[in-house]
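Reader: Could you take me on a close look at one part of this model, the second largest pocket, and then at the strands beside it? I would be glad of the cut-offs behind each term as you go.

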Amino acid sequence: MIDQEKFTQALFKGSVEEVKTYVQEALEQGEKPENILTQGLIKGMDQVGLKFKNGEIYIPEVLVAARAMHAGLDILKPILSKSDSSKAVKIVLGTVKGDLHDIGKNLVGMMLEGGGFEVIDLGIDVPPEKFIQAVKEHGAKVVGMSALLTTTMTQMKVTIEAMKAARLVNGVKMIVGGAPVTEAFAKQIGADGYAPDAASAVEKVKELLAL
C-alpha cells in the first residue's frame, strides 16, 4: 500500500533524498512501479498543483517539488520503459518563434510530467515546422504553446494554421498559455484550450483528452 501522505510531504519539502528512499522502499516491498508513480508521485504533485493554484505556495516551491518528483521518476523510468502498461500520452511543448522566455513553459512541463504525461520539450523560439515535425516523430496527442510577448502571440495562430495545413489538427489538441494570452484569444486563433497557469494546464490537458 502506497503511503500517499508520505510522498506528498516529501514533495512539499522538496526532499530529493526522501522521495528516492520512499520510491526504493516501495519497490523493495513489491509495489508496482505504475502504482508508485500514480499513487505516490502524481497524487503528491496534484496536491502541490492545487496549493499553487490556490495561491498557497509559489513558483519556487513548485520547482523544488518538481525537482524531487523527477528524482523519484528517474528511478522508475528504466523499469516503466520495460512495461507496456506505462505508455504515457505524449505532449509537445515549446515557446513560439521569436520568443525566448521559458520559465512558464518549463514549469508547465514539470507539472505535466508530474501528472504522468511524457513531455517533449522543444525549448524556445520554436518555428511551426519544428512543432509539426515533433508531433509526427513522437505521435504526440497534445501541442502546448507558450508566449510571453504580445508581439509573438501571433505565432500561435501561424503554428495552428500550419498544423491544419499539415492535416494534423484532427487527432491533436492544441493548448496555449503565457502572460498576455487570454481565453478569448485562444478561441479566436482556433486553439482547443487555454491555461492561465501550470496547474490549470494539467487539468485542461486531462479535460481535452477526457482522462
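Author: Happily; what follows starts with the pocket, moves on to the strands and ends with three single residues.

First, the ground rules. This is a predicted model, in which local features need pLDDT of at least 70 and side-chain atom pairs count only at pLDDT 80 or more, while totals for chains, interfaces and linings use all residues. Residues are numbered from 1 along each chain as its sequence is written, and side-chain values use heavy atoms, with hydrogens and water left out.

The second largest pocket holds about 470 Å³ of space. Its lining counts 27 residues, and G104, K105, V108, G177 and G178 are the closest to the centre. Two or more lining residues come from each of α5 (103–114), β3 (142–146), β4 (173–177) and α9 (198–208). Of these elements, α5 gives the most, with 6 residues. Sorted by class, the lining has 18 nonpolar, 6 polar and 3 charged residues.

Some terms need their cut-offs here. On a 1 Å grid over the protein atoms alone, a pocket is an open set of points where a 1.4 Å probe fits, with protein on both sides within 12 Å along at least five of seven lines, and a lining residue has an atom within 4 Å of a point. Volume is the space filled by probe spheres set on the points, which are joined across faces, edges and corners. Helices (H or I, at least four residues) and strands (E, at least two) are DSSP runs, numbered from the N terminus. Nonpolar covers Ala, Val, Leu, Ile, Met, Phe, Trp, Tyr, Cys and Pro; charged covers Asp, Glu, Lys and Arg; the others, Gly among them, are polar.

Now to β4, one of the elements in that lining. In β4, 4 of its 5 residues are buried (under 20% relative accessible area, with exposed over 50% and partly exposed in between, for a 1.4 Å probe and protein chains only). Strand β4 pairs with β3 in the parallel sense over 5 bridges (two strands pair if DSSP finds at least two bridges between them). Within this pairing, M145 stands opposite V176 in β4. Strand β4 is also joined to β5 (residues 193–194) by 2 bridges, again parallel, and there V176 stands opposite Y194. Between β4 and β5 the chain passes through helix α8 (residues 183–188), and this β-α-β crossover is right-handed: with the strands pointing away from the viewer, the path from the first strand over the helix to the second runs clockwise.

Step back to the whole sheet: it is open, with 5 strands in the order β2-β1-β3-β4-β5 and parallel pairing. The edges belong to β2 (118–121) and β5, each with a single partner strand, so one side of each is left without a neighbour in the sheet.

Beyond β2, the loop between β2 and α6 (128–138) holds D125. The phi of D125 is near 55°, a positive value in a residue other than glycine; most residues other than glycine have a negative phi. D125 is partly exposed, at 36% relative accessible area.

Two helix residues complete the tour. K20 lies in α2 (residues 16–28) and is partly exposed at 32% relative accessibility. Leaving aside neighbours within four places in sequence, K20 is in contact (heavy atoms within 4.5 Å) with A71 and I75. N35 sits in α3 (residues 33–53) and is partly exposed too, at 31%. N35 and I2 are 33 residues apart in sequence and 7.6 Å apart in space, C-alpha to C-alpha.
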